[in-house]
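Trainee: Please pick one part of this model and take me through it closely, residue by residue where that helps. I would like one connected account rather than a list.

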Amino acid sequence: MRKIFIATLLSISAHTADAQFKIGQDIVGTPYDSRRTDGYIGNEYLYPDWTIGHVLQEDDKFFNNMLLKYDMFNDRVIFKSNDDIPMAFKYPIKEFQIIHKKSLNEPMILFKNGFPEVGKYNTKSYYQVLTEGKTTLVKKPYKSVIESIPYGESEKKKIFVANEIYFLYHKGQMIKFQKSKKNLLDILADKKPQLIAFMNDNKLDMKSDQDFVNLVNFYNSF
């Protein structure tokens with residue numbers, strides 16, 4: 001079983017995001033040099049509150065039950081120190097998991113880097129892993145900033161906007177695709193008839209992430 005899933009649901013349920021966790025002596029942090037976002041509407045984080053999570057460093061050191069935030073704007077994971085100060089990890093993180101008890105759709109989310117370069121993203125970029133196998137399905141959530149005049153106001157404001165892009169890590173390449181049945185079938189064309197039959201048999205409308213996960217898992221079963 002993957003190290004990132006070591007924590008049991010029992011240990012998770014014994015804590016809340018408001019609890020104070022003692023950070024181990026071997027975790028080394030540095031001041032978090034976030035870009036200043038004073039006056040912006042919204043925030044740069046996946047979840048605005050500190051959330052329980054686990055991290056795996058590139059040196060395979062694993063840290064369990066920390067308070068984390070994923071800064072989607074800067075593509076960095078940060079932690080809350082024993083002094084309640086936001087800190088960046090000094091040593092590279094290759095995986096982290098966020099457990100969000102209030103999210104019914106995605107209560108446990110795994111992020112990894114180390115994928116090949118594609119577009120503006122490199123091997124240090126984090127992707128949310130939806131399913132892994134000979135073909136891996138990921139999405140890249142990110143936040144950008146736009147300038148707009150909010151309703152009822154007269155001046156432009158800088159506003160955080162959430163976006164996401166889907167990729168398949170397939171045959172050694174990162175392939176960007178639109179979240180559509182046709183686009184995915186074109187990429188996985190070597191099993192297209194079987195995939196179409198699977199979708200029809202299981203009444204997949206290919207509108208949810210779970211439908212795409214089910215289809216990729218089926219493809220990986222061959």
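Mentor: Two strands count as paired if DSSP finds at least two bridges between them. The model is a predicted one, and I will start from a strand and follow the contacts outward.

Strand β7 covers residues 108–112, and 4 of these 5 residues are buried, so the rest of the structure largely encloses β7. On one pairing, β7 runs antiparallel to strand β6 (residues 93–99), with 5 bridges joining the two. In that pair, Gln97 stands opposite Leu110 of β7. β7 also pairs with strand β8 (residues 127–131), again in the antiparallel sense, over 2 bridges. Here Lys112 has Tyr127 of β8 as its bridge partner.

Tyr127 leads on to Lys139, since Tyr127 is among the residues that Lys139 touches. Lys139 sits in strand β9, residues 135–148. Is this lysine buried or exposed? Its relative accessibility is 6%, and because buried means under 20%, Lys139 counts as buried. Its side chain makes a polar contact with the side chain of Glu164, at 3.4 Å. Other residues touched by Lys139 include Glu106, Gln128, Leu130 and Asp209.

Asp209 is where helix α4 (209–220) begins, and α4 brings us to the largest nonpolar core. That core has 19 residues, and those touching the most other members are Leu137, Leu168, Phe177, Leu184, Leu188, Met206 and Leu215. Two or more residues each come from β10 (157–170), α2, α3 and α4, with α4 giving the most, 5 residues. Met206 touches Leu184 and Leu215, and also Lys181, Met199, Asp211 and Phe212. A separate core of 18 residues lies apart from this one; Met66, Phe79, Met87 and Ile98 are among its members. As background, nonpolar side chains tend to be buried together in soluble globular proteins.

Met199, touched by Met206, belongs to helix α3 (residues 192–201), whose buried residues are Leu195, Phe198 and Met199. These three lie on the same side of α3 because they cover an arc of only 100 degrees around the axis. The general rule is that an α-helix has 3.6 residues a turn, so residues three or four places apart point the same way. Pro193, Asn200 and Asp201 are exposed on the other side of α3. The buried residues of α3 pack against α2 (181–187) and α4. After α3 comes Lys203, which has a positive phi, near 50 degrees.

Conventions. Residues are numbered from 1 along each chain as its sequence is written. This is a predicted model: local features need pLDDT of at least 70, side-chain atom pairs count only at pLDDT 80 or more; totals for chains, interfaces and linings use all residues. Side-chain values use heavy atoms; hydrogens and water are left out. Buried means under 20% relative accessible area, exposed over 50%, partly exposed in between (1.4 Å probe, protein chains only). Helices (H or I, at least four residues) and strands (E, at least two) are DSSP runs, numbered from the N terminus. The arc is that of the directions from the helix axis to the C-beta atoms. Contact means heavy atoms within 4.5 Å. A polar contact is a pair of N or O atoms within 3.5 Å; within protein, one must be able to donate a hydrogen and the other to accept it, and residues adjacent in sequence count only if both atoms are side-chain atoms. A nonpolar core is a set of buried Ala, Val, Leu, Ile, Met, Phe, Trp, Tyr and Cys residues joined through side-chain atoms within 4.5 Å.
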